[in-house]
Amino acid sequence: MAAITLLNPKAEVVRKTEALSMNQSAAKGLQDVMKTNLGPRGTMKMLVSGAGDIKITKDGNVLLKEMQIQHPTASLIARTSTAMDDITGDGTTSTVLLIAELLKKADNYIIEGVHPRLITEGFTVACKHAMEVLDSMKKTVSLDDKETLIAVARTALNTKVESKVAEVLTQICVEAVQAIKLPDKPLDLHMIEIMTMQSRLESETRLVRGLVLDHGSRHPNMPKKLTNAYILTCNVSLEFEKTEINSGFFYKSAQEREKLVASEREFIELRVAKIIALKKSVCDGTDKGFVVINQKGIDPVSLDMLAREGIMALRRAKRRNMERLTLACGGVAMNSLDDLTEDCLGRAGLVYEHVLGETKYTFVSDCPNPHSVTVLVHGPTSYAITQIQDALRDGLRAVKNAVEDGGVLPGGGAVELKLRHELKKVAEKTKEKYRVGIEAFCDALLVIPKTLAMNSGFNTQEVITQLDYDAKENDSIGLDLQTGKSMIPTDLGILDNYSVKKQYIASSVIVASNLLLVDEVMRAGMSSLKG
């Protein structure tokens, strides 16, 4: 009888071998669901929600978050894998596969009587040596190395969307990250706005070197297109406002009321006049335009005054856009109109209004040196747009990781083959009992190239035998998914993120070790005491 049943007779207990078998079967079940998605030749999954909404994807992170997983062990593995995506932006499917494979290989030794503790110690030693091998394999990369960054982004995106769309998104991701990088400051991907527009094809998604605002001007006579425009970004009210405190105005006659209205109107008109005066000082005698983007309101009379001067004015801009505007166009965000000079103004090569259905969009593009950009996502359907958005985030994270890591690793299963080859040498030199854990770890690493070969329609045994032989001759051998033969990934531009590989191996070892050491599963919460 389990000790917990003495304390709680209604507790449900699973003991020793049953507990290990339960954990292993849960991991294998999740592995069977996810393994067909791995790699560029992986298949898609269709998720249908309770409301009938359809989502077609092969992104492991989306699948694990959207699937309603009930099993506690499977839920634990899923949470670990999604946390992996939150940290590095990729590696969810690989994490699930490696955890399940580590448990499977460990079970072969446990059946023969090896204690799980020895296996977990072997896993820890193998993981430590694996990190050293990863450091030795790392190829340095910098922000200016566009060719390498394109290869990293392409490798990540080919596993999410079809190759034609991936090629378009690859260029966008690299150019966007290169644009927003500020010297001596960390990369902030929030400076890349992802705007969606349900029209055209996914391959027409493009990068706007500036900002796209999801509203337009509010006056019919304002210009709809301006070139070589000055941009005034401000947070100043150009309309009648209520007082911040409860107050009232008392007047004795209609004349006094008219005088009060006129003085308030004059106060607003003086502000508008300052904007018009600045526009005349910088634009008169030139072909340059003038745009006002205000976070607060602009009343109809003020809009009319600005329209007569050929000024495009946008009111009630979102705060997140105001923060990005000065980074995209330059200039200073003004909270007062008292000290307006040309230095306060930003620049944009082209500002125009685009109408799609009933929605107006204002494009502030061709900025000379933008540190905030917009990716305009096109797609015929809502789920196609969602798929592109998810892929874009992964592609941007891949480029960001490569820049911050300062290096990349060969892809196509080359890392796993190299690690297996090196750890085999470590196992041969190890005399301690935990050697079995290192050997189990070596065998488990083959799950990635095996799954890539299987998803590409090749004979797994033949491919792995050939790869294992070739890996002894060359340190950086990977699997060519087109031919099923070995190739050198760096020559074909197949590169993976260093941080993703490092994180997925470390996370898998920790979770697999913890699950192996579980000898009892107890369902003894407060709910089991009721009744």
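N228 is found in strand β8, which covers residues 225–234; helices (H or I, at least four residues) and strands (E, at least two) are DSSP runs numbered from the N terminus. The model is predicted, so local features need pLDDT of at least 70 and side-chain atom pairs count only at pLDDT 80 or more, while totals for chains, interfaces and linings use all residues. Residues are numbered from 1 along each chain as its sequence is written, and side-chain values use heavy atoms, with hydrogens and water left out.

**Confidence**

The predictor's confidence in each residue is given as pLDDT, on a scale from 0 to 100. The chain has a mean pLDDT of 86, and 94% of its residues reach 70 or more. Over residues 527–531 pLDDT stays under 50, and for this stretch the model has seven contacts beyond four places in sequence. A contact means heavy atoms within 4.5 Å.

**Backbone angles**

Most residues other than glycine have a negative phi. N228 has a phi near 45 degrees, a positive value in a residue other than glycine. At 40% relative accessibility, N228 counts as partly exposed; buried means under 20% relative accessible area, exposed over 50%, and partly exposed in between (1.4 Å probe, protein chains only). R316 also has a positive phi, near 50 degrees. R316 is found in the loop between β10 (312–314) and α11 (319–329), and is partly exposed at a relative accessible area of 49%.

**Helix α13**

Helix α13 spans residues 414–429, which makes 16 residues, and reaches 23 Å from its first C-alpha to its last, close to the 22 Å expected at 1.5 Å a residue. The expected span is 1.5 Å times one less than the number of residues. Among the buried residues of α13 are A414, V415, E416, L417, K418, L419 and R420, and further along L423, V426 and A427. An α-helix has 3.6 residues a turn, so residues three or four places apart point the same way.

Two residues of α13, V415 and E416, are among the contacts of K501, together with L134, L409 and D496, when neighbours within four places in sequence are left aside. K501 is found in helix α18 (residues 498–516) and counts as buried at 8% relative accessibility.

**Other buried positions**

D107 is found in helix α5 (residues 92–111) and is buried, with a relative accessible area of 17%. D107 touches L20 and Q24, not counting residues up to four places away in sequence. The C-alpha atoms of D107 and L516 are 8.7 Å apart in space, although the two residues are 409 residues apart in sequence.

L481 has its place in the loop between β15 (478–479) and β16 (486–487). L481 counts as buried at 13% relative accessibility. Beyond its neighbours within four places in sequence, L481 is in contact with P40, R41, L452, S456 and F458. M454 lies 27 residues from L481 along the chain, with 9.8 Å between their C-alpha atoms.

**Salt bridges**

Side chains of opposite charge can pair when their charged atoms come close. A salt bridge is counted when a side-chain nitrogen of Lys or Arg is within 4 Å of a carboxyl oxygen of Asp or Glu. The structure holds 29 salt bridges, including the three below.

| Pair | N to O distance |
|---|---|
| D32 and K35 | 3.7 Å |
| D394 and K160 | 3.7 Å |
| E353 and K360 | 3.9 Å |

D394 lies in helix α12 (residues 382–405) and K160 in the loop between α7 (146–158) and α8 (163–180), so their salt bridge ties together parts that are 234 residues apart in sequence. Both D394 and K160 are buried. D59 and D90 join D394 and K160 in a network of salt bridges.

D32 is partly exposed, with a relative accessible area of 34%, and K35 is partly exposed at 24%. In the remaining pair, E353 counts as buried at 14% relative accessibility, whereas K360 is partly exposed with a relative accessible area of 29%.

**A nonpolar surface patch**

M46, V48, I54 and Y383 form a nonpolar patch on the surface, with about 380 Å² of accessible area together. Patches are made of residues with over 30% relative accessible area and no salt bridge; like charges are joined within 9 Å, and nonpolar side chains (Val, Leu, Ile, Met, Phe, Trp, Tyr) within 5 Å. Accessible areas come from the Shrake-Rupley method with a 1.4 Å probe, and for residues only the protein chains shown count as cover. M46 lies in strand β2 (residues 45–48) and is exposed, with a relative accessible area of 52%.
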